[in-house]
Amino acid sequence: MNSRAEREQPVVLAADDEEDILELIVFRLEHSGYTVLQAHDGEQALEVARSSQPDLAVLDVMMPKMDGFELTRRLRAEDTTSRMPIILLTARTQEADIQRGFDAGADDYIRKPFSPQELRARVQAILGRR
């Protein structure tokens, strides 16, 4: 894939094990002008992030093989993905869970059920600051 500077559209990695949620994320972001890469579990998301170096990641917290907290920590630990913005998307809305997400290195945290318009707005806000 082209380097970030050569891309015409920002690339977003969307990772969620719930197919309907993943489809909703992809639909909303593609219709907002983003290229969206998909992953169905944490390990697959890590591989996609390593190989494609997306501009931003939207990660579910509760995924098989590797949860979003661990995935975020691993992405922060690698040189190629350490500065990539990460939005965690989850039904886990306790204060402790939210704090755990930020402690892992997340830039933002969106609660499920979520508004597709809110997701688009937050992605645009984060990418607009880069």
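This passage describes the sheet, the helices packed on it and the salt bridges of a predicted model.

The centre of the description is an open sheet of five strands, arranged in the order β2-β1-β3-β4-β5 with parallel pairing. Strands β2 (35–39) and β5 (108–111) occupy the edges, where each has a single partner strand, so that one side of each is left without a neighbour in the sheet. Direction ignored, neighbouring strands of this sheet are turned against each other by 20 degrees on average. The pairing can be followed strand by strand from the β2 edge: β1 and β2 are joined in the parallel sense over five bridges, and within this pair A15 has A39 of β2 as its bridge partner. Strand β1 (residues 11–15) is in turn connected to β3 by four bridges, again with the two strands running parallel, and here V12 is partnered by L56 of β3. On the other side of the order, four bridges join β3 to the parallel strand β4 (residues 86–90), with V58 standing opposite I87 of β4.

Strand β3 (residues 56–60) deserves separate treatment. Five of its five residues are buried, so the strand is largely enclosed by the rest of the structure. In a regular strand, side chains alternate between the two faces of the sheet. For β3, both faces are covered, since L56, V58 and D60 on one side and A57 and L59 on the other are all buried. The bridge partner of V12, L56, and the residue opposite I87, V58, are thus both named on one and the same side of β3.

The connection from β3 onward passes through helix α3 (residues 68–77), and β3, α3 and β4 together make a right-handed β-α-β unit. Helix α3 lies across β3, β4 and β5, and its direction makes an angle of about 175 degrees with that of β4. Helix α5 (residues 116–128) lies across β1, β3, β4 and β5, running at about 175 degrees to β5.

In helix α4 (residues 95–104), the buried residues are D97, I98, G101 and A104. These residues cover an arc of only 125 degrees around the axis, which puts them on the same side of α4. The buried residues of α4 pack against α3, β4 and β5, whereas the face turned away from the buried side carries the exposed residues E95, A96 and D103. Just after α4, G105 adopts a positive phi of about 120 degrees.

Salt bridges were then examined, and the count comes to twelve. One of them is formed by the side chains of E78 and R50, with an N to O distance of 2.7 Å. Because E78 lies in the loop between α3 and β4 while R50 belongs to helix α2 (residues 42–52), the pair ties together parts that are 28 residues apart in sequence. Of this pair, R50 is partly exposed, with a relative accessible area of 35%.

A further salt bridge is formed between R76 and D107, whose closest N and O atoms are 2.8 Å apart. This pair also links distant parts of the chain, R76 being located in helix α3 and D107 in the loop between α4 and β5, 31 residues apart. Both partners are partly exposed, the relative accessible area being 22% for R76 and 40% for D107.

The side chains of R122 and D108 likewise meet in a salt bridge, at 2.7 Å from N to O. With R122 in helix α5 and D108 in strand β5, the pair ties together parts that are 14 residues apart in sequence. The two residues fall into separate accessibility classes: R122 is partly exposed, at a relative accessible area of 26%, but D108 is buried, at 16%. Finally, salt bridges that share partners join D16, E18, D60 and K112 into one network, in which D60 is also one of the buried residues of β3.

Note on methods:
Residues numbered from 1 in each chain as written. Predicted model: local features only at pLDDT ≥ 70, side-chain atom pairs only at ≥ 80, totals over all residues. Heavy atoms only, no water. Buried < 20%, exposed > 50% of the residue type's maximum accessible area, 1.4 Å probe, protein only. Pairing = 2+ DSSP bridges. Right-handed = clockwise from strand over helix to strand, strands pointing away. Axes fitted to C-alpha atoms, helices over the stretch in contact; angles between N-to-C directions. Contact = heavy atoms within 4.5 Å. Arc of directions from axis to C-beta. Salt bridge = Lys/Arg side-chain N within 4 Å of Asp/Glu carboxyl O.
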